[in-house]
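Got the structure open in your viewer? Let's go through it one selection at a time.

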Amino acid sequence: MPRVPLPLLLLVALLVAGGGGAAAETKPTAYEALATFDFPPGILPKGVVSYTLDDATGDFTATLNTTSTCAFSIQGSYSLRYQRRLSGRIAADRLTNLQGVSVKILFLWVNIVEVTRHGDELGFSVGIASADFGIDNFLESPQCGCGFDCHDHRDLSLPLPLPEPSLRLRGAF
């Protein structure tokens, strides 16, 4: 059996363990993963610390870096609440079976169960009703507790854009 010099053997072992000399591939962030399905990062608040995604089914979970509910209001619009753990199923332009996200409508908190993208509009469904918003309202992620009105994260001299929802009821009326 031929002898292989020890330094060459160590180099081969390092290359195999390190993925052929290239930097090890890193998992994309949850926000980057959203982009692969044509969703903007702002449908999730800042602070996703981990997520799982089943490539075959689209089933996902996401975990926020909070010990309790992540809640905030969007000035001139809705109050939102995200549980620490979110789940659902994702496909191109469609989030379904969504759990862990709710919106306050009048006095009631209702679950957002589906999000769809149609061109430059995102549709948020609570089951019997849905509202559409322009995609440009979701290019930035809101922050738990303060949404976009965080004094240390934005230029206060700039006005906040107000989303213009169009509400529609589902079903035959």
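Start with the nonpolar core. This is a predicted model, and its largest nonpolar core has 32 residues. Select F39, I43, Y82, I112 and F124, the residues with the most contacts inside that core. Then colour the elements that each supply at least two residues to this core: α2 (30–36), β1 (48–53), β2 (59–64), β3 (70–73), β4 (79–91), β5 (94–105), β8 (121–125) and β9 (129–134).

Stay with Y82 for a moment. Which residues does Y82 touch, not counting those up to four places away in sequence? Show I43, P45, L64, T69, C70, F72, G100 and V101, and you have the set.

**Next stop: C144**

Two of those names, C70 and F72, are also on the contact list of C144. With residues up to four places away in sequence left out, C144 touches P45, K46, C70, A71 and F72. You'll find C144 in the loop between β9 and β10 (166–169). Draw a C-alpha to C-alpha distance from C144 to F72: the two are 72 residues apart in sequence, yet 6.0 Å apart in space. Is C144 buried, exposed or partly exposed? It has a relative accessible area of 24%, so it is partly exposed, since buried means under 20%.

**The aromatic cluster**

Go back to F124 and turn on the rings around it. The model has five aromatic pairs. Among them is F124 with F133: the ring centres lie 5.8 Å apart and the planes are at 75 degrees, so this pair is edge-to-face. F124 counts as buried at 14% relative accessibility, and F133 also counts as buried, at 6%. Now add F138, which forms a tilted pair with F124, with 5.3 Å from centre to centre and 35 degrees between the planes. F124 sits in strand β8 and F138 in the loop between β9 and β10, so this pair ties together parts that are 14 residues apart in sequence. Both F124 and F138 are buried. Add Y78 to the selection to complete the view: ring pairs link Y78, F124, F133 and F138 into a cluster.

**Strand β7 and its partners**

Select residues 114–118, which is strand β7. Why is β7 described as largely enclosed by the rest of the structure? Four of its five residues are buried, so the description follows from that count.

Now look at what β7 pairs with:

- On the β8 side, five bridges join the two strands, which run antiparallel. Pick V115 and you'll see that its bridge partner is F124 in β8, the residue you met in the aromatic cluster.
- β7 and β8 form a hairpin with two residues between them. Click on G119 in the turn, which has a positive phi of about 65 degrees.
- On the β5 side, the pairing is also antiparallel, over two bridges. Here R94 has T116 in β7 as its bridge partner.

**Along β5**

Select T96, which is in strand β5. At 16% relative accessibility, T96 counts as buried. Show its surroundings, leaving aside neighbours within four places in sequence, and you get G88, R89, V113 and E114.

Move on to N97, also in strand β5. In contrast to T96, N97 is exposed, with a relative accessible area of 53%. Check its backbone too: phi of N97 is near 50 degrees, a positive value in a residue other than glycine. Most residues other than glycine have a negative phi.

A second case is D93, in the loop between β4 and β5. D93 is not a glycine either, and its phi is positive at about 60 degrees. D93 is partly exposed, with a relative accessible area of 27%.

**Last stop: charges over rings**

Which charged residue sits over the ring of W109? Select R81: its charged end is 3.9 Å from the centre of that ring. Then jump to Y51, where K27 lies over the face, at 4.1 Å from the ring centre. Show each of the two pairs as sticks and turn the view until you look along the ring from the side.

Methods: Residues numbered from 1 in each chain as written. Predicted model: local features only at pLDDT ≥ 70, side-chain atom pairs only at ≥ 80, totals over all residues. Heavy atoms only, no water. Core = buried A, V, L, I, M, F, W, Y, C linked by side-chain atoms within 4.5 Å. Buried < 20%, exposed > 50% of the residue type's maximum accessible area, 1.4 Å probe, protein only. Contact = heavy atoms within 4.5 Å. Pairing = 2+ DSSP bridges. Phe/Tyr/Trp six-rings, centres within 6.5 Å; stacked < 30°, edge-to-face > 60°. Lys NZ or Arg CZ within 6 Å of the ring centre and 35° of its normal.
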